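Please look over the following model with its helix packing, its burial and its internal space in mind. The report starts from a single residue and works outward.

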Amino acid sequence: MNTKNYSAEYSEKSLWDKLATYALRAGKEVIQKVLVLYECLNDGATPVWAKGVILGALGYFISPIDLIPDVIPIVGFTDDATALIAAFSAVSLHVKDEHIAAAKTTLGRWFEKSVSPTQ
């Protein structure tokens, strides 16, 4: 990943728009990481430095300009997954069971019904 500040790419609306468009194509593993990080980001107990890491990873996920374009089948989200896994590892001490549970609930709704996140 280059040194661009991807946290500037983040907005909640952009995140939900990206999820609505690419959730099924990105796959459960990538989307689960996004949702867990999102839940952690919105937890008031998460330290500011960890929120900065999360914002960078989510901003990278949202950004239309990244190492491997998301429109490329199969490999398009590989770089996004790498950024999300790195961020998750960095903030893992601040990821709570309730973040994971909330993400799994949302993920289950979306993927069990095979619908987009906006439905």
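Val30 is buried, because its relative accessible area is 8%; buried means under 20%, exposed over 50%, and partly exposed in between, with a 1.4 Å probe and protein chains only. Val30 lies in helix H2. Setting aside neighbours within four places in sequence, Val30 is in contact with Phe61, Phe77, Ala81 and Leu84; contact means heavy atoms within 4.5 Å. Val30 and Thr78 are 48 residues apart in sequence, and their C-alpha atoms are 8.9 Å apart.

This is a predicted model, in which local features need pLDDT of at least 70 and side-chain atom pairs count only at pLDDT 80 or more, while totals for chains, interfaces and linings use all residues. Residues are numbered from 1 along each chain as its sequence is written, and side-chain values use heavy atoms, with hydrogens and water left out.

**Overall make-up**

The protein has five helices and zero strands. From the N terminus, its elements run α-α-α-α-α. Helices (H or I, at least four residues) and strands (E, at least two) are DSSP runs, numbered from the N terminus. Of the 119 residues, 42% count as buried. Among contacts with a separation of 6 or more, 71% are between residues 24 or more positions apart. The accessible surface comes to about 6,400 Å², and carbon and sulfur atoms hold 59% of that surface. Accessible areas come from the Shrake-Rupley method with a 1.4 Å probe; for residues, only the protein chains shown count as cover.

**Helix lengths**

The expected span of a helix is 1.5 Å times one less than its number of residues.

| Helix | Residues in helix | Expected span | Distance between end C-alpha atoms |
|---|---|---|---|
| H3 | 15 residues | 21 Å | 20 Å |
| H4 | 14 residues | 20 Å | 20 Å |
| H5 | 16 residues | 22 Å | 21 Å |

For H3, residues 48–62, the end-to-end distance agrees with the expected span. The distance for H4 agrees as well. So does that for H5, residues 97–112.

**How the helices pack**

What do the buried residues of H4 pack against? They pack against H2 and H3. The buried residues of H4 are Asp79, Asp80, Ala81, Ala83, Leu84, Ala87 and Val91. Phe88 is also found in H4. Beyond its neighbours within four places in sequence, Phe88 is in contact with Lys33, Val36, Leu37 and Val95. Phe88 and Ile54 are 34 residues apart in sequence and 7.8 Å apart in space, C-alpha to C-alpha.

Ile54 is one of the buried residues of H3, which also include Ala50, Gly56, Tyr60 and Phe61. Their cover includes helix H1 (12–26), helix H2 (28–41) and helix H4 (78–91).

The buried residues of H5 pack against H1 and H2. They are His99, Ala103, Thr106, Leu107, Gly108, Trp110 and Phe111. Phe111 and Leu24 are 87 residues apart along the chain, with their C-alpha atoms separated by 7.4 Å. Leu24 is found in helix H1. Leu24 is partly exposed, because its relative accessible area is 46%.

**The loop between H4 and H5**

His94 sits in this loop. Is His94 buried or partly exposed? His94 is partly exposed, since its relative accessible area is 24%. Apart from neighbours within four places in sequence, His94 is in contact with Cys40, Pro47, Trp49, Ala50 and His99. His94 and Leu41 are 53 residues apart in sequence, and 9.7 Å separates their C-alpha atoms.

**Internal space**

The structure holds one cavity of 30 Å³ or more. A cavity is a set of points, on a 1 Å grid over the protein atoms alone, where a 1.4 Å probe fits but cannot get out; lining residues have an atom within 4 Å of a point. The largest cavity has a volume of about 30 Å³, a volume being the space filled by probe spheres set on the points. Glu29, Val30, Lys33, Ala81, Leu84 and Ile85 line the largest cavity. H2 and H4 are the elements that give two or more residues to this lining. The lining divides into four nonpolar residues, no polar and two charged. Here Ala, Val, Leu, Ile, Met, Phe, Trp, Tyr, Cys and Pro count as nonpolar, Asp, Glu, Lys and Arg as charged, and the others, Gly among them, as polar.

Terms used:
On a 1 Å grid over the protein atoms alone, a cavity is a set of points where a 1.4 Å probe fits but cannot get out, and a pocket is an open set with protein on both sides within 12 Å along at least five of seven lines; lining residues have an atom within 4 Å of a point.
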